[in-house]
Amino acid sequence: MYYLVIGLVLALGVGVVALSGGWLKTRAGSAPERTAVQEAPLRLAAGPLSRTELEQRLTRLAETPPPETLSTGAKCYKPAMPPKTADYVCPKDGSRTQYSLEAEDGHSMIKLLQFQLPAMRRMLSEVVGLEARLDESEFCKKCNPGRKDPQLVLVVTLPGDKPGQRKEHRVRGLGFEDVKLLQELFAGKLAHEGDYGRETPLKDHLPRLRELLGFEPQAKQL
Ligand SMILES: [Zn+2]
């Protein structure tokens, strides 16, 4: 009986330590570095931001000084040889459209299909606070027969300030950098990571961010 009591006390003690340890860890882990929106309440799975909330976020970025040190990125980099062709497989109808390296803009198209598009889909789906998707239909010869100069289209659905109000905003000609900018804005970053890890102040990209989110390129001066 005596051992039973000691055992019970020990088990309880371990439980309490584990609980408080875990709790402290979660608290410490929730403070990301170099974020612009420390003061803003965290929105977790609370749905997309309204137009007003988006405007506030853009204004906050415009008013926050950029980080003092920015990475200049990797100095030497040997790009991998792209494959001669790449297939676009349409997620809607499963048909394949082949793109060739020899075609006009072939190099950037193959780079996009091979490396960037999968990452862009994933990054966009992980942005918290924005309802956004890619319209890839221009790349598919079945969805868009005879399409010249196919481009990616960003589709952002913005809730209005009144309940139930929704507005769709489309931007044609979306690039990898654009998705990166959105990811950084919604993660509260102050720096944009460009090619080869070279950083620039995120606020320098505000006109493009505003355009992507359906605002006029310049904020109105009050
Ligand atoms: Zn298709």
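These are my notebook entries on what I looked up in this predicted model.

**Entry 1: overall layout**

I began with the inventory of secondary structure and found five helices and seven strands in the protein. Reading along the sequence, I noted the pattern α-α-β-β-α-β-β-β-α-β-β-α. I then looked up burial for the whole chain: of the 222 residues, 16% count as buried. For contacts between residues at least 6 apart in sequence, I recorded that 57% join residues at least 24 apart.

**Entry 2: the sheet around β4**

I turned next to an open sheet of three strands, whose order is β3-β4-β5 and whose pairing is antiparallel. The edge strands, each pairing on one side only, are β3 (131-135) and β5 (166-172). I also looked up the twist, and on average neighbouring strands of this sheet are turned by 20 degrees against each other, direction ignored.

How many bridges join β3 to β4? I count on five here, with the two strands running antiparallel, while β4 and β5 pair in the antiparallel sense over seven bridges. For the register I followed V156, which has A132 opposite it on one side and H169 of β5 as its bridge partner. The bridge partner of V155 in β5 is R170.

Which side chains of β4 point to the buried face? They alternate along the strand, so I wrote down both sets, given that burial here takes 20 or more other C-beta atoms within 10 Å. L154, V156 and L158 point to one face and are buried, whereas V153, V155, T157 and P159 point to the other face and are not buried.

**Entry 3: the nonpolar cores**

As a reminder to myself, nonpolar side chains tend to be buried together in soluble globular proteins. The largest nonpolar core here has 20 residues, and the members that touch the most other members are L154, V156, L182, L185, L209, L212 and L213. I checked which elements give two or more residues to this core, and they are α2 (51-63), β4 (153-159), α4 (176-186) and α5 (206-212). The element that gives the most is α4, with four residues.

Within that core I looked up the surroundings of L154, leaving aside its neighbours within four places in sequence, and found contacts with A132, L134, R170, V171, L174, D178 and L212. A second, separate core has seven residues, among them A86, Y88, L112 and L113.

**Entry 4: helix α4 and L182**

Which residues of α4 are buried? My list for this helix reads D178, V179, L181, L182, E184 and L185, and I note that D178 and E184 stand in it alongside the leucines and the valine. The elements covering these buried residues include α2, α3 (106-126), β4, β6 (191-193) and α5.

I then took L182, which lies in helix α4, as a single case. Why does L182 count as buried? It has 23 other C-beta atoms within 10 Å. Not counting residues up to four places away in sequence, L182 touches V127, L130 and L212. The C-alpha atoms of L182 and L212 are separated by 8.3 Å, although the two residues are 30 residues apart along the chain. After the helix I noted G188, which follows α4 and has a positive phi near 75 degrees.

**Entry 5: loop residues**

I also went through a few loop positions, beginning with positive phi in residues other than glycine. D105, in the loop between β2 and α3, has a phi near 60 degrees, and with 11 other C-beta atoms within 10 Å it is exposed. Y196, in the loop between β6 and β7 (199-201), has a positive phi of about 55 degrees although it is not a glycine. Is Y196 buried or exposed? I have Y196 down as exposed, because 12 other C-beta atoms lie within 10 Å.

Last, I looked up K92, placed in the loop between β1 (85-89) and β2 (96-100). K92 counts as exposed because it has 10 C-beta neighbours inside 10 Å. From C-alpha to C-alpha, K92 and C140 are 9.4 Å apart in space, and they are 48 residues apart in sequence.

Technical notes:
Residues numbered from 1 in each chain as written. Predicted model: local features only at pLDDT ≥ 70, side-chain atom pairs only at ≥ 80, totals over all residues. Core = buried A, V, L, I, M, F, W, Y, C linked by C-beta atoms within 7 Å. Contact = placed C-beta atoms within 7 Å. Pairing = 2+ DSSP bridges. Axes fitted to C-alpha atoms, helices over the stretch in contact; angles between N-to-C directions.
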